[in-house]
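Thank you all for coming; I would like to take a few minutes to walk through one model, going from a single helix out to the packing around it. Please have a look at the sequence and the structure before I go on.

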Amino acid sequence: MGKVKLENVAKFAGVSPTTVSRVLNNRGYISDATRKKVNDAIEELGYFPNEVARSLYGSKTNLIGILFPNVSNPFYGEMVTEIEKNLSQKGYKTLLCNTSDNEEKETEHLKMLLSNQVDGIVVGSRNQPSDIYEKANLAVVAIDRFVSAKVPIVRSDNYGGACLATRYLLTKKCKKIAIFIGSPEEEIKKGDLRLKGYLDTLTENNHGEHICRVSFDENENYQKAKISEYMDANPDIDGVFATGDILAGMIKSIARQKNKNPEIVGYDGSDTFLSLCGDISTVRQPVKKMARLSVDILLDSLAGNYEHEGQEYILPVTLIERSV
């Protein structure tokens, strides 16, 4: 029969399409017998209602869009899982979009979410076509990203975390501490907080800075080549602050190949990373708290509470030392 339509359900149940629609949307008086006939037909035929069409009867679809770079990254994967879990507990379904750190792809995903009438969006992607977010006129919460002056941001204490990481390397008597950073050039120019924390801590302790930019926009082979090239040019690097755990793991692997053993601190601290790479210290972001707060803010906005508009919420981080 192909895709089951509302008209097929009506014919099977022996009622009008309008009656089926009223049962689906729980509107108007429907006898128990008629309601049972329609529900039995839906189950027998395997009919799935068009949620967007049903939303036309009201003002909500109970759909939330989630935009993140790539859930294959353990930190993003755990964040998305926690967001989805919190939304599900509140009766919302989610549409997940991987942007791959590509602005055009993010824009296309965003347009798709809007055409599906989502009630709101949680965005953790790096590229921000902010004009679209502002014109969308719906609830948006950003995680560690600036989207627009009106969109609230939930993030971990990037500056404090970088200070923690750098101070830890100093306590380990590291004499030449390098930061490996993956932020886009424009973010660095704006004042990347992890970079600033690293620089300020070194300045306070009369240490020189050593910066290697390993672009997250490039592929893994490029990143590995960049790391290897930098380590060859700076063989006396004995301390490393990597601004992401994936980057920290890559650096550790390359260092081993070169028979080097610098002290390394990463950033994110996902459960997956901690279980697989216990020999690397890291700054742990409070994933569960960030996800819960993001959902709470989003639902507040959906309820007409705009006190979060333009606000920034910074949650504390912890340093997890490597197991010896």
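Let me begin with a question: which are the buried residues of H8? In this predicted model, they are Asn158, Gly160, Gly161, Ala162, Cys163, Ala165, Thr166, Tyr168, Leu169 and Leu170, so that helix H8, with 10 of its 14 residues buried, is mostly covered. The helix runs over residues 158-171 and reaches 20 Å from its first C-alpha to its last, which is close to the 20 Å expected at 1.5 Å a residue. After H8 comes Lys173, and there the phi is positive, near 65 degrees.

To put that helix in its setting, the protein has 324 residues, of which 48% count as buried, and it contains 14 helices and 12 strands. If we take the contacts between residues at least 6 apart in sequence, 65% of them join residues at least 24 apart.

I turn now to the largest nonpolar core, which has 23 residues, and in which Phe68, Met79, Ile83, Leu87, Ile143 and Leu298 touch the most other members. Two or more residues of this core are given by each of strand S1 (63-68), helix H5 (74-89), strand S4 (139-143) and helix H14 (287-302), and the largest share, 7 residues, comes from H14.

That makes H14 worth a slower look. Its 16 residues should span 22 Å at 1.5 Å a residue, and the end C-alpha atoms are 23 Å apart, which agrees. Val287, Met290, Ala291, Ser294, Val295, Ile297, Leu298, Leu299 and Ser301 are the buried residues of H14, and they pack against S1, H5, strand S3 (120-123), S4, strand S5 (153-156) and strand S11 (312-315). Just after the helix, Gly304 takes a positive phi of about 90 degrees.

Within H14, Leu298 can serve as our example: leaving out residues up to four places away in sequence, Leu298 touches Ile64, Leu87, Gly120, Ile121, Val122, Ala139, Val140 and Val141. There is also a second, separate core, made of 19 residues, and Cys212, Ala242, Met250 and Phe273 are among them.

My last topic is a pair of helices towards the start of the numbering, H2 (residues 17-25) and H3 (residues 32-45). Two packed helices are described by the angle between their axes and by the distance between those axes. Here the angle is about 90 degrees and the axes are 10 Å apart, and since an angle of 65 to 115 degrees counts as roughly perpendicular, H2 and H3 are therefore described in that way. On the H2 side, Thr19, Val20, Val23 and Leu24 take part, and they meet Thr34, Arg35, Val38, Asn39 and Ile42 of H3. By residue class, this contact divides into 5 nonpolar, 3 polar and 1 charged.

Let me finish on Ile42, which lies in helix H3. Is Ile42 buried or exposed? Its relative accessibility is 15%, and because the cut-off for buried is under 20%, Ile42 counts as buried. Setting aside its neighbours within four places in sequence, Ile42 is in contact with Val9, Leu24 and Tyr47. Ile42 and Ala10, although 32 residues apart in sequence, are 9.2 Å apart in space, C-alpha to C-alpha.

Terms used: Residues numbered from 1 in each chain as written. Predicted model: local features only at pLDDT ≥ 70, side-chain atom pairs only at ≥ 80, totals over all residues. Heavy atoms only, no water. Axes fitted to C-alpha atoms, helices over the stretch in contact; angles between N-to-C directions. Helix = DSSP H or I, 4+ residues; strand = E, 2+ residues; numbered from the N terminus. Parallel < 35°, antiparallel > 145°, perpendicular 65-115°, else oblique. Contact = heavy atoms within 4.5 Å. Nonpolar A, V, L, I, M, F, W, Y, C, P; charged D, E, K, R; others polar. Core = buried A, V, L, I, M, F, W, Y, C linked by side-chain atoms within 4.5 Å. Buried < 20%, exposed > 50% of the residue type's maximum accessible area, 1.4 Å probe, protein only. Expected span 1.5 Å × (residues − 1).
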